[in-house]
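Colleague: I would like to go through this structure with you and ask where the descriptions come from. Please set each value against its definition.

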Amino acid sequence: MKFGIFYELQLPKPWGPNDELNLYQNALNQVELADKLGYDYAWEVEHHFLDEYSHSPQPEVFLAAASQRTKRIRIGHGIIQLTTNHPARVAEKVACLDLVSNGRVEFGMGESGSVQELAPFDVDMAEKRAIWEEAVKCVIPMMTQEGSQFDGKYFKFPLRNVTPKPIQKPHPPLWVACSQLETIEMAGRRGIGALGFQFLTADMAHAWVHAYYNAFVKRQEKLADYQTNPNMALVSYFMCARTDEEARRRADGATFFQFALRYYGASVGRKRPDPYTVNMWDEYNKWKRENPDQAARALSGGLIGSPETLRRKLRRFQSSNIDQVILLNQAGKNAHAHICESLELFAKEVMPEFHAAVPAHQAWKQQVLAGKIELEEIDTQPFRDRYGTNSPQVRPVAAE
């Protein structure tokens with residue numbers, strides 16, 4: 001399996017005058033380190049107006065900067081919101097990033113998952129999937145044809161040549177964000193790589209890998225004329241240290257990340273309260289004081305532990321035939337020094353074993369895609385909790 005690193009660019013309060021500067025510079029240093037250590041991908045989200053949870057509204061700026069500090073690591077949009085960006089601007093951004101990175105872009109696409117982000121752009125939550133599908137149909141020809149035009153319900157574009165074009169032909173690899181588990185099956189059906197922003201057990205991963213590849217092989221319905229990308233990646237909380245106890249002490253940000261997802265996840269449209277009315281970091285610490293057992297359990301999942309613990313957990317994920325595990329290290333107030341030490345220790349003592357198995361996995365995948373291996377149709381109904389059984393149980397605050 002391959003490994004990526006993942007950035008929401010979280011910044012809990014209180015905020016000092018240089019905190020955002022340090023956040024960005026530290027994250028860029030971490031990507032540069034990951035490239036030297038042999039990690040395969042660096043993924044960056046696009047989010048708007050989600051203070052504390054994500055300070056990353058322009059991922060192409062961060063990724064372009066990262067591309068100039070690195071030589072080999074793939075540069076991943078994880079994701080561009082096709083609901084809040086015009087397709088022509090998306091095509092331009094992706095092509096420019098592909099040029100400055102010398103052909104290392106992964107083109108992740110998504111809808112956004114909250115009224116908090118969509119409403120300021122006058123986008124209706126109920127229409128976001130339809131907008132995304134139409135945007136895919138619109139943006140692909142812009143990257144592959146000398147002239148393209150589109151006349152749809154949401155986008156109308158006169159005949160123009162969108163320049164520049166990406167280096168990768170016919171276009172960079174396509175991915176779609178799968179923030180709901182059912183979307184993984186949809187990604188397979190559309191022939192697009194699945195960026196699974198869930199936090200799955202190995203058993204869950206096994207079931208959803210089967211669902212993804214069965215949809216890809218047996219029920220594929222592409223949205224447009226694009227090159228398919230049969231890949232499934234899953235995000236996991238991450239901290240590697242010499243002992244399990246030390247890793248847990250350093251990984252408090254993972255619990256903050258889970259708390260923040262739960263805190264807003266159940267509110268209508270995932271609407272946040274008005275600015276300055278809630279301090280998420282204070283709410284998190286209050287919850288942690290009141291729920292010490294839940295806080296401790298939250299650190300038992302994911303990839304948090306010693307090298308031996310992580311090897312044991314990853315061997316189970318490897319048996320699920322996941323293509324890529326994306327490591328979420330920058331979260332909450334996790335220290336920059338600990339994040340770098342974690343990346344170094346994992347790369348030295350854990351990653352080589354799983355990198356060595358990539359050829360065998362690719363051979364398995366080719367047999368699946370060719371129909372020589374038929375995967376069982378597994379019922380995914382028992383595996384639809386995106387948070388996991390050990391994640392914080394939080395009562396959401398209603399937005400005004």
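Colleague: Why is cysteine 240 called buried?

Modeller: Buried means under 20% relative accessible area, exposed means over 50%, and partly exposed lies in between, with a 1.4 Å probe and protein chains only. Cysteine 240 has 1% relative accessibility, so this residue counts as buried. Before we go on, two remarks on the source. This is a predicted model, in which local features need pLDDT of at least 70 and side-chain atom pairs count only at pLDDT 80 or more, while totals for chains, interfaces and linings use all residues. Residues are numbered from 1 along each chain as its sequence is written, and side-chain values use heavy atoms, with hydrogens and water left out.

Colleague: Why does cysteine 240 have no bond to the closest cysteine sulfur?

Modeller: A disulfide is a covalent bond between the sulfur atoms of two cysteines. The rule here asks for a pair of cysteine sulfur atoms within 2.5 Å. The closest cysteine sulfur to that of cysteine 240 belongs to cysteine 340 and is 13 Å away, so the two are too far apart for a bond. By this rule the chain has 0 disulfides.

Colleague: Is cysteine 178 buried or exposed?

Modeller: Cysteine 178 has a relative accessible area of 0%, so this cysteine is buried. Over the whole chain, buried residues make up 57% of the 400 residues.

Colleague: How many helices and strands are in the chain, and what makes the chain as compact as a globular protein of that length?

Modeller: The chain has 15 helices and 11 strands. Helices (H or I, at least four residues) and strands (E, at least two) are DSSP runs, numbered from the N terminus. As for compactness, the radius of gyration is taken over C-alpha atoms, and the globule rule is 2.2 Å times the number of residues to the power 0.38. That rule gives 21 Å for 400 residues, and the chain has a radius of gyration of 20 Å, close to that value, so the chain is as compact as a globular protein of that length. The C-alpha trace spans about 60 × 50 × 45 Å along its principal axes.

Colleague: What share of the contacts joins residues at least 24 apart?

Modeller: Contact means heavy atoms within 4.5 Å. Among contacts between residues at least 6 apart in sequence, 77% join residues at least 24 apart.

Colleague: Which residues does histidine 355 touch?

Modeller: Leaving out residues up to four places away in sequence, histidine 355 touches Met1, Lys2, Phe3, Gly38 and Asp40. Histidine 355 and methionine 1 are 354 residues apart along the chain, yet their C-alpha atoms are separated by 5.9 Å. Histidine 355 lies in helix α14, residues 351-355. With a relative accessible area of 25%, histidine 355 is partly exposed.

Colleague: Why is histidine 361 called buried?

Modeller: Histidine 361 has 9% relative accessibility, so this histidine counts as buried. Its place is in helix α15, residues 358-369. Apart from neighbours within four places in sequence, histidine 361 is in contact with Asn321, Ile322 and Asp323.

Colleague: What is said about phi at glutamate 52 and tyrosine 276?

Modeller: Most residues other than glycine have a negative phi, and most peptide bonds are trans. Glutamate 52 has a positive phi, near 75°, and tyrosine 276 has a positive phi of about 70°. Glutamate 52 sits in the loop between β2 (41-44) and α2 (59-69), whereas tyrosine 276 is in the loop between α9 (252-265) and α10 (280-290). Glutamate 52 has a relative accessible area of 1%, so this glutamate is buried. Tyrosine 276 counts as exposed, because its relative accessibility is 75%.

Colleague: Where are the cis peptide bonds at isoleucine 79 and proline 170?

Modeller: One cis bond runs from glycine 78 to isoleucine 79, with omega near 25°. Isoleucine 79 is in strand β3, residues 74-81. Another cis bond joins lysine 169 and proline 170, with omega about 0°. Proline 170 is in the loop between β6 (156-160) and β7 (174-178).
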